[in-house]
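Notebook open, coffee poured. I want to look up some burial, the nonpolar cores and the cysteines.

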Amino acid sequence: MWIDSVAPSTVDARNDGPLHQQLSSVIRQAIAEGSLPPGSQLPTEADVQARFGVSRSVVRQAMAALANDGLIQRGRGRGSVVAPHHEHHRAVQKMSGLSSQISTPEDVVTTDVLDFERSSDRRAEQALGTSDLIALVRRRSIDGEAIAIIHTWIPRALVPGLEPSDLTNASLHETLGTRYGVPVSAGHRQVRAVAASEILARDLALSPGAPLLVLEGTSCDENGTTIEYFCTWHRADRVVFDVDANSDATEAPLSAQPRSGARAAQTPTGDVATMARDLADQARRLADTLSS
């Protein structure tokens, strides 16, 4: 049983935070990591009490919080089970943004602007060739559940008059094309598996250390000018990256491609299979680290 692998000291009055929050965090982490996949039967209240030495009221508070967040389903006579969840698919090699790829009539996609200021970043400065940048932090949610945090840097001169309200529940790429006449036509992308920092965990309603998939890179206009540098952290338990692989392609490996200009912005399809294998290896190593 899953609970047998969790140290009793994980939930302890000597740890930070109320006991019910500690307990709910343990279960959230297990759900996020896949140790408790959808449909899994959760331990009984008595089993949880015995394992962690907590009261029934602590267990019930933790379970109520998980149920309110839609992570578990509770039923009379059948105990609690991990709720089913939808996987949202994103094609790594496509230039279209996250909102346009996952938006369906059944799923309501919303975007909140968490930060909007003149700011810079060494990597963004190098990619965009200027230190006069606007830094955006946005959160994408589906049906009210946060699934991604997007950090974007764009040259301030490129978007005069742009306001945070312009990007609330809106696409940055669409705004660049329709309002400023700057269509996004190419880009360089790379993917990594990382553990959630405390800030990212807070903004995505996860526990610190939960697995995330990061898509980062640059976007270019039709003339090959780099107009955007971004990092997007996706919940690994909600978003799946799809990759089209072509074993017969003869393009140069991704690492051999230049990092600037229109040609560099093209993601070589010949190396996509290698990228997918590398990502899978990273994810496995991260899972091993988190479970150790």
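A residue goes down as buried when its relative accessible area is under 20%, with a 1.4 Å probe and protein chains only. Worth jotting down before going on: this is a predicted model.

**Cysteines.** I looked up Cys-220 and got a relative accessible area of 1%, so I logged Cys-220 as buried. Cys-231 came out at 2%, so that one is buried too. Then I checked for disulfides, taking a pair of cysteine sulfur atoms within 2.5 Å as the rule. The count comes to 0 disulfides.

**Ser-24.** Is Ser-24 buried or exposed? I read a relative accessibility of 6%, and because that is under the 20% cut-off, Ser-24 counts as buried. Ser-24 lies in helix α1, which runs over residues 19-33. Setting aside residues up to four places away in sequence, I found Ser-24 touching Ala-62 and Leu-66.

**Largest core.** Next I pulled up the largest nonpolar core, which has 22 residues. Which of them touch the most other members? I noted Trp-2, Leu-23, Ile-27, Leu-36, Phe-52 and Met-63. Helices came next: α1, α2 (45-52) and α3 (56-68) each supply at least two residues of this core.

I also found a second, separate core of 20 residues, with Ala-196, Ala-201, Ala-210 and Tyr-229 among them.

**Trp-2.** Last, I listed the contacts of Trp-2, skipping neighbours within four places in sequence. My list for Trp-2 reads Val-26, Ile-27, Ala-30, Ser-35, Leu-36 and Pro-43.

Key: Residues numbered from 1 in each chain as written. Predicted model: local features only at pLDDT ≥ 70, side-chain atom pairs only at ≥ 80, totals over all residues. Heavy atoms only, no water. Helix = DSSP H or I, 4+ residues; strand = E, 2+ residues; numbered from the N terminus. Buried < 20%, exposed > 50% of the residue type's maximum accessible area, 1.4 Å probe, protein only. Contact = heavy atoms within 4.5 Å. Core = buried A, V, L, I, M, F, W, Y, C linked by side-chain atoms within 4.5 Å.
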